[in-house]
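Here is a short set of exercises to work through with the model open beside you. Try each task yourself before reading the solution.

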Amino acid sequence: MNQIQIIYHDPNMPKLEFIDGKSDWIDLRASVDGSFKAGDFALVDLGVSMKLPEGYEAHIAPRSSTFKNYGIIQTNSVGVVDNSFSGTNDVWKMPCYFTHDTTINQYDRICQFRLMKKMEPVEFVETNCLDSVNRNGFGSTGTT
């Protein structure tokens with residue numbers, strides 16, 4: 001089992017937990033209250049710093065209810081935190097664009113993360129032709 005060193009910057013922050021069998025994702029919470037107007041951008045503080053296991057990175061994404069409940073779009077679609085972002089003051093944040101006026105309360109679950117193995121090194125080999133069958137363009141899966 002991998003271990004993650006974690007600092008909670010608020011001693012009252014509910015502790016993160018991995019719930020085996022329910023989801024491979026771990027919920028993250030807003031660490032402070034905030035009121036936002038439609039069109040606002042904010043880096044919402046998640047109140048934690050972590051040292052990830054060597055060879056892993058974290059992928060942060062909105063929870064399935066985040067847009068419905070708060071009108072938030074994560075501006076970079078998915079956040080990637082590599083294991084070099086591991087200092088005491090390297091606080092995780094979620095970059096948010098607000099589509100309508102909304103309020104986030106302290107400890108609201110607004111996003112989630114999972115650990116992913118880092119990609120192995122690759123080498124690009126230039127060629128004039130690929131030896132696979134063409135799929136007929138982008139967005140063509142399942143079309144006849």
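**Exercise 1. A strand pair**

How many bridges join β2 to β11, and do the two run parallel or antiparallel?

*Solution.* A word on the material first: this is a predicted model.

Step 1. Look at β2 and β11 side by side: four bridges join them, and the two strands run antiparallel.

Step 2. Pick out a facing pair. Arg29 stands opposite Arg109 in β11.

Step 3. Sort the residues of β2 by face. Ile26 and Leu28 make up the covered face, while Asp27 and Arg29 belong to the uncovered one.

**Exercise 2. The salt bridges of Asp27**

Work out which side chains Asp27 meets in salt bridges, and what these pairs tie together.

*Solution.* Step 1. Recall the principle: side chains of opposite charge can pair when their charged atoms come close.

Step 2. Apply the cut-off, a side-chain nitrogen of Lys or Arg within 4 Å of a carboxyl oxygen of Asp or Glu. The side chain of Asp27 meets that of Arg63 at 3.1 Å, N to O. Asp27 lies in strand β2 and Arg63 in the loop between β6 and α1, so this pair ties together parts that are 36 residues apart in sequence.

Step 3. Find the other partner. Asp27 and Arg109 also meet in a salt bridge, at 2.8 Å, N to O. Here strand β2 supplies Asp27 and strand β11 supplies Arg109, so parts 82 residues apart in sequence are tied together.

Step 4. Put the two pairs together: through shared partners, Asp27, Arg63 and Arg109 are joined into one network.

Step 5. Check the exposure of each member. Buried means under 20% relative accessible area. Arg63 has 18%, so Arg63 is buried. Asp27, at 21%, is partly exposed, and Arg109 is partly exposed at 36%.

**Exercise 3. Completing the count**

How many salt bridges are there by this rule? Find the pair that involves Arg114.

*Solution.* Step 1. The count comes to three salt bridges.

Step 2. Arg114 pairs with Asp24, with an N to O distance of 3.4 Å. Arg114 lies in strand β11 and Asp24 in the loop between β1 (5-8) and β2, so the salt bridge ties together parts 90 residues apart in sequence.

Step 3. Compare the accessibility of the partners. Arg114 has a relative accessible area of 24% and is partly exposed; Asp24 is partly exposed too, with 47%.

**Exercise 4. The nonpolar core**

Which residues have the most contacts inside the largest nonpolar core, and which elements give two or more residues to this core?

*Solution.* Step 1. The core has 23 residues. Those with the most contacts inside it are Leu28, Trp92, Phe98, Ile104, Ile110 and Phe113.

Step 2. Turn to the elements. Two or more residues come from each of β2 (26-29), β4 (41-45), β5 (48-51), β6 (56-62), β9 (93-98) and β11 (109-117).

Step 3. Follow Ile110 outwards, leaving aside neighbours within four places in sequence. Its contacts include Leu28, Val44, Tyr70, Met94 and Ile104.

Step 4. Now take Val48, which is in strand β5. Its relative accessibility is 1%, so Val48 counts as buried. Not counting residues up to four places away in sequence, Val48 touches Ile6, Ile7, Tyr8, His9, Leu28, Asp90, Val91 and Trp92.

**Exercise 5. Features at the surface and in loops**

Which residues form a nonpolar patch on the surface? Then locate Ser77 and Tyr107, and look at their phi angles.

*Solution.* Step 1. Phe67, Ile73 and Tyr97 form the patch, with about 290 Å² of accessible area together.

Step 2. Place one of its members. Phe67 is found in helix α1 (residues 66-70) and is partly exposed, with a relative accessible area of 48%.

Step 3. Move to Ser77, in the loop between β7 (72-74) and β8 (79-82). Ser77 has a positive phi of about 65° although it is not a glycine. With a relative accessible area of 57%, Ser77 is exposed.

Step 4. Finish with Tyr107, in the loop between β10 (102-104) and β11. Phi of Tyr107 is near 80°, a positive value in a residue other than glycine.

Key:
Residues numbered from 1 in each chain as written. Predicted model: local features only at pLDDT ≥ 70, side-chain atom pairs only at ≥ 80, totals over all residues. Heavy atoms only, no water. Core = buried A, V, L, I, M, F, W, Y, C linked by side-chain atoms within 4.5 Å. Buried < 20%, exposed > 50% of the residue type's maximum accessible area, 1.4 Å probe, protein only. Contact = heavy atoms within 4.5 Å. Patch = residues over 30% accessible without salt bridge, like charges linked within 9 Å, V, L, I, M, F, W, Y side chains within 5 Å. Areas by Shrake-Rupley, 256 points an atom, 1.4 Å probe, with all protein chains shown as cover. Pairing = 2+ DSSP bridges.
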